[in-house]
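Visitor: Please give me a close look at one part of the surface. Then show me how that part fits with the rest.

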Amino acid sequence: MVSEKNEPGLWDGFKAFLMRGNVIDLAVAVVIGAAFTNIVNSVVKGVINPLVGAFGTKDLDHYSSCLKSPCRMNEAGEVTDGIPIMWGSVLSATLSFVITAAVVYFLMVLPMAKYLARQAARKAEKEGTQEVMELSELEVLKEIRDALVAQRGSGPSDER
C-alpha cells in the first residue's frame, strides 16, 4: 500500500532552493567576480609586469630559478632540459590577488561596514529616545502614585 505524503517533491525542493534570494545573489557575485578577475589580470599583465620588467630584464611571468641545472628552453618557451621553478608567475598571481582583495575591501567591504554602522547607530539612537520617553513616563506615573499616597495619608484618618 502506497501512502500519500504532503511533503514537497524533489523538483519542488530544488526550485525553492534556487529561488532563494541568497542563491541568486551568490550567482551574480560569481559572475561579477569572474569579470573583475579579468580586469585585475589585465592590470597586472599590462601595467605591473612591464614596470617590474623596467627594473629587471623581462616581465614577471618569465622570472624563474633552476632547480636542476642546466635549464634550457626552446623558442616556444617549453622546457627542454633541467627543472625550472617559475616563481615569477606565482608572484604575478599573488599581486593579482592582493590587488583584487584591496579593491574589494576598499570599494565594497569598507563602505558597507560604514553604512551598517550608521544604520546601527540610528537604530540605537531611536531606541535610546524611546527608552528616555518610557523612563520619563515611568517617572510621571511614580509622581502620580506618590501624590495619591500622600493625599490618601493626609485625608480623613484611617481607622484600623
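Guide: Start with one yardstick: a residue is buried under 20% relative accessible area, exposed over 50%, and partly exposed in between, using a 1.4 Å probe and protein chains only. The areas come from the Shrake-Rupley method, in which only the protein chains shown count as cover for residues. Now take Lys-126. Lys-126 counts as exposed because its relative accessible area is 62%.

This is a predicted model, in which local features need pLDDT of at least 70, side-chain atom pairs count only at pLDDT 80 or more, and totals for chains, interfaces and linings use all residues. Residues are numbered from 1 along each chain as its sequence is written, and side-chain values use heavy atoms, with hydrogens and water left out.

Lys-126 has company. Together with Lys-114, Arg-118 and Arg-122, Lys-126 makes a patch of positive charge on the surface. A patch takes residues with over 30% relative accessible area and no salt bridge; like charges are joined within 9 Å, and nonpolar side chains (Val, Leu, Ile, Met, Phe, Trp, Tyr) within 5 Å. Lys and Arg count as positive, Asp and Glu as negative, while His and the chain ends are left out. Each charge is placed at NZ of Lys, CZ of Arg, CG of Asp or CD of Glu.

Where does Lys-126 sit? Lys-126 lies in helix H3, which covers residues 87-154. Helices (H or I, at least four residues) and strands (E, at least two) are DSSP runs, numbered from the N terminus. The protein holds three helices and two strands. Their order along the sequence is α-α-β-β-α.

Stay with helix H3 for a contrast. Ser-92 is placed there too. Ser-92 is buried, because its relative accessibility is 6%. Its C-alpha atom is 7.0 Å from that of Val-44, although the two residues are 48 apart along the chain. Buried residues account for 6% of the 160 residues in the protein.

Back to charge. Side chains of opposite charge can pair when their charged atoms come close. The structure has one salt bridge (a side-chain nitrogen of Lys or Arg within 4 Å of a carboxyl oxygen of Asp or Glu). Arg-145 and Asp-146 form it, at 3.1 Å from N to O. Arg-145 is partly exposed at 48%, and Asp-146 is partly exposed at 42%.

Next, the rings. The whole structure contains two aromatic pairs. Trp-11 and Phe-14 make a tilted pair, with centres 5.9 Å apart and planes at 40°. Rings of Phe, Tyr and Trp (its six-membered ring) pair if their centres lie within 6.5 Å; planes under 30 degrees apart are stacked, over 60 edge-to-face, and the rest tilted. Trp-11 and Phe-14 are three residues apart in helix H1 (residues 10-19), about one turn of the helix. Trp-11 is exposed at 57%, whereas Phe-14 is partly exposed at 40%. Tyr-105 and Phe-106 pair edge-to-face, because their planes stand at 80° with the ring centres 5.1 Å apart. Tyr-105 is partly exposed at 39%, and Phe-106 is exposed at 53%.

One more patch rounds off the tour. Trp-11 and Phe-14 join Phe-17, Leu-18 and Met-19 in a nonpolar surface patch of about 570 Å².

Notes
Areas by Shrake-Rupley, 256 points an atom, 1.4 Å probe, with all protein chains shown as cover.
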